[in-house]
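Reader: I've got a structure open and I'm not sure how to read it. Could you walk me through a few features?

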Amino acid sequence: MISILGALFIRTLHATLRVRHVRPEKLAAVPQYILTFWHAHLLLMLHSRFRKPIVVMSSRSRDGSLIAGVFKHYKVECVRGSSTRGGLAALRCMIKAARKGKNIVFTPDGPVGP
């Protein structure tokens with residue numbers, strides 16, 4: 001239920017914002033890519049200009065579970081792991097996904113900063 005409400009909140013938030021994509025043609029020109037977002041921008045990542053399939057890395061924390069549920073409503077695959085729990089397994093899954101041609105997404109900073 002919380003995931004559904006989260007997805008509705010993000011859609012509503014996005015509808016109230018003026019979003020500008022800078023040079024999106026560069027993204028369209030490559031067959032596969034890696035997207036990175038700072039934690040502060042993670043909510044709106046779901047409305048960026050990306051091509052599916054994508055795989056997002058999310059932590060195994062309770063917050064990570066909530067966002068993973070939201071990703072599910074957006075039909076975005078989620079791999080669970082972080083630098084403190086399950087990171088190596090998640091990295092392996094991300095590499096396998098990239099080898100299958102999927103685009104991968106992660107946040108280079110932790111919740112407390114880079």
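Reader: Let's start with the cysteines. How many disulfides does the structure hold?

Author: Zero. Keep in mind that this is a predicted model. To count as a disulfide, two cysteine sulfur atoms must be within 2.5 Å. Cys78 is in no disulfide, and its nearest cysteine sulfur, that of Cys93, is 11 Å away. Turn it around and Cys93 is in no disulfide either, with the sulfur of Cys78 as its nearest, 11 Å away.

Reader: Is Cys78 buried, exposed or partly exposed, and why?

Author: Partly exposed, because its relative accessibility is 24%. Cys93 also counts as partly exposed, because its value is 39%.

Reader: Now the helices. How do I describe two that pack together?

Author: You use the angle between their axes and the distance between the axes. Here, take helix H1 (residues 2–15) and helix H4 (residues 62–73): their axes come within 8 Å and cross at roughly 70 degrees. So H1 is roughly perpendicular to H4. The crossing of H1 past H4 is right-handed.

Reader: Which residues of H1 and H4 meet?

Author: On the H1 side, look for Ile2, Ser3, Ile4, Gly6, Ala7, Ile10 and Arg11; on the H4 side they meet Leu66, Gly69, Val70 and His73. Sorted by class, that contact has six nonpolar, four polar and one charged residues.

Reader: What about backbone angles? What should I look for?

Author: Most residues other than glycine have a negative phi. Now click on Lys75: its phi is near 60 degrees, a positive value in a residue that isn't glycine. You'll find Lys75 in the loop between H4 and strand E3 (77–80).

Reader: Is Lys75 buried or exposed, and why?

Author: Exposed, because its relative accessibility is 69%.

Reader: Can we finish with a strand residue? Where is Ile54?

Author: Ile54 sits in strand E2 (residues 54–58). Ile54 counts as buried because its relative accessibility is 3%, and the cut-off for buried is under 20%.

Reader: Which residues does Ile54 touch, leaving out those up to four places away in sequence?

Author: Val76, Glu77, Asn103 and Val105. You can also compare sequence with space: Ile54 and Thr36 are 18 residues apart in sequence, and their C-alpha atoms are 12 Å apart.

Definitions and conventions
Residues numbered from 1 in each chain as written. Predicted model: local features only at pLDDT ≥ 70, side-chain atom pairs only at ≥ 80, totals over all residues. Heavy atoms only, no water. Axes fitted to C-alpha atoms, helices over the stretch in contact; angles between N-to-C directions. Helix = DSSP H or I, 4+ residues; strand = E, 2+ residues; numbered from the N terminus. Parallel < 35°, antiparallel > 145°, perpendicular 65-115°, else oblique. Left-handed = near helix turned anticlockwise from the far one by under 90°. Contact = heavy atoms within 4.5 Å. Nonpolar A, V, L, I, M, F, W, Y, C, P; charged D, E, K, R; others polar. Buried < 20%, exposed > 50% of the residue type's maximum accessible area, 1.4 Å probe, protein only.
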